[in-house]
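Trainee: Got a minute? I'd like to walk through this one with you.
Mentor: Sure, bring it up.

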Amino acid sequence: MWVQQERESSNIEIQKILSESAKNILSETKVISNVYEVFMSSVSDVIKLKNLYTVLNEVSLLSESELINAFKLYTNDAIINILKNNFTFNEFRSLYGLLIWLSNNYASYGKIMLDISFDPETNDFQFVNFVIPDCDWNAWRVIAREVKTEMRKSGLSELASKVAIVCLRGLTE
Amino acid sequence: MPAGIDRVNVLNPTAIITSIEKMVMSKKDLDEIFIRRLISAIYFAIFNYWAAKQFSKGVRGKGPNQDSFTFSEFHRDLLKMGLDAEIIILFQCRVAVDHYIMNPASINIYNQEIVNALGMQKTSLAINRKILNRVISASKSIIKSL
């Protein structure tokens, strides 16, 4: 009898332990599940940042005055005016989208800045330079190809011919 | 004078660039005038080759034979292909050696913030053997892609 009671008590104890373990496993799974969700959410944010097309859509609602103010963080008034005179409004907006996309994806190379190039013989405007300060010659070659591929994918093939990715360290080192 | 595709073959700069590369490797002392003229020659050899390629594709330029293209058209076509590093180094070096006499040459920068952020030293281009080798390397990449 006593043995029987001891067995039952032991079984109840085991059931309790199992139940607690199950609860722990479930709660840990929930934690893992939450971590996974946060991770996946971050990944999708990163994917969003990497997609130029998405950035172009996001900036498509900006007005001209909003764009000009936004450009002022990256270059001066004289250059903004030259851009306005040499690009259509849609191109001007796409340039800003590209600037944001580059700033998000190549932030480790320093702050992206804008400059322009003229033909030294004719003084005509040639292209807009997106200057990445801290990348060397080898990185420059890779980045330029990546950027132009992304521009083509996002429907900016024509604009790609008026945009130069310039790594100053790669040019002068 | 042969036309079309023959002009592409005649103006293909592969042989001259290989010769320049060998010469640069074998020559111990390269004076500045030598480096300047070689960089200029490489730029124009590539420019002529690109123009011949355009002409053979049916693209027409200006002049009596419609065979004159602009540097801007040349640069933009290469930028479109993602050859930014190669054409920018070629273009900046060509401008430095043909239009400026100082060494290092200053790179024209209109955004003062860039000069302030990087300092004058990082915005000047030294005309030396190292940059000539880079120009040779860039020109070989361009020829491959054209």
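**Loops, sheet and interface**

Mentor: Start with a loop in chain B. B:Pro104 sits in the loop between α5 (84-99) and β1 (105-106) of chain B. This is a predicted model, by the way.

Trainee: What is the peptide bond from B:Asn103 to B:Pro104 like, cis or trans?
Mentor: Cis. Its omega is near 5°.

Trainee: Any other odd backbone spots in chain B?
Mentor: B:Gln66 has a positive phi of about 55°, although it is not a glycine. B:Gln66 is in the loop between α3 (32-56) and α4 (71-80) of chain B.

Trainee: Is B:Gln66 buried or exposed?
Mentor: Exposed. B:Gln66 has 11 other C-beta atoms within 10 Å, and the cut-off for exposed is 12 or fewer.

Trainee: And in chain A, which phi should I look at?
Mentor: Look at A:Asn123. A:Asn123 is not a glycine, yet its phi is positive, about 65°. A:Asn123 lies in the loop between β1 and β2 of chain A. With 8 other C-beta atoms within 10 Å, A:Asn123 counts as exposed.

Trainee: How many residues lie between the strands in that hairpin of β1(A) and β2(A)?
Mentor: Six.

Trainee: In what sense do β1(A) and β2(A) pair, parallel or antiparallel?
Mentor: Antiparallel, over six bridges. Strand β1 covers residues 113-118 and strand β2 covers residues 125-132. A:Phe118 has A:Phe125 as its bridge partner in β2(A). For A:Asp115, the partner in β2(A) is A:Asn129.

Trainee: What about β3(A)? How does β2(A) run against it, parallel or antiparallel?
Mentor: Parallel, with five bridges joining β2(A) to β3(A). Try A:Ile132 if you want a pair to find: its partner in β3(A) is A:Cys167.

Trainee: How many residues of β1(A) are buried?
Mentor: Five of the six, so the rest of the structure largely encloses β1(A). β2(A) is mostly covered too, with seven of its eight residues buried.

Trainee: Zoom out. What is chain A built from?
Mentor: Eight helices and three strands. From the N terminus, the order is α-α-α-α-α-β-β-α-α-β-α. Chain A has 173 residues, and 31% of them count as buried.

Trainee: And the contacts inside chain A?
Mentor: Take contacts between residues at least 6 apart in sequence. In chain A, 66% of those join residues at least 24 apart.

Trainee: What pLDDT does chain A average?
Mentor: 80, and 71% of the residues score at least 70. Over residues 28-33 of chain A, though, the pLDDT is below 50. That stretch has zero contacts in the model beyond near neighbours in sequence. Residues 36-48 of chain A also stay under 50. For residues 36-48, the model has one contact beyond four places in sequence.

Trainee: Switching to the interface. How many residues of each chain are in contact?
Mentor: 35 residues of chain A are in contact with 28 residues of chain B.

Trainee: Which element gives the largest share of the side of chain A that touches chain B?
Mentor: α6(A), with seven residues. Other elements giving two or more residues include α4 (77-86), β1, β2 and β3 (163-167) of chain A.

Trainee: What is that side made of, by class?
Mentor: The side of chain A that touches chain B has 19 nonpolar, eight polar and eight charged residues.

Trainee: Last topic, α7(B). Why does its length look right?
Mentor: Helix α7 of chain B has 17 residues, 129-145, which should span 24 Å at 1.5 Å a residue. The end C-alpha atoms are 25 Å apart, which agrees.

Trainee: Which residues of α7(B) are buried?
Mentor: B:Ile131, B:Leu132, B:Arg134, B:Val135, B:Ala138, B:Ser139 and B:Ile142. Down the axis of α7(B), the buried residues fall within an arc of 155°, so they line one face of the helix.

Trainee: Why would such spacing put them together?
Mentor: An α-helix has 3.6 residues a turn, so residues three or four places apart point the same way.

Trainee: What sits on the face of α7(B) turned away from its buried side?
Mentor: Exposed residues B:Lys130 and B:Lys144.

Trainee: And what covers the buried residues of α7(B)?
Mentor: The cover includes α6 of chain A. From chain B, it includes α2 (14-26), α3, α4, α5 and β2 (124-125).

Terms used: Residues numbered from 1 in each chain as written. Chains lettered and ligands numbered in written order. Predicted model: local features only at pLDDT ≥ 70, side-chain atom pairs only at ≥ 80, totals over all residues. Buried ≥ 20, exposed ≤ 12 C-beta atoms within 10 Å, placed from the backbone. Helix = DSSP H or I, 4+ residues; strand = E, 2+ residues; numbered from the N terminus. Pairing = 2+ DSSP bridges. pLDDT = per-residue confidence, 0-100. Contact = placed C-beta atoms within 7 Å. Nonpolar A, V, L, I, M, F, W, Y, C, P; charged D, E, K, R; others polar. Expected span 1.5 Å × (residues − 1). Arc of directions from axis to C-beta.
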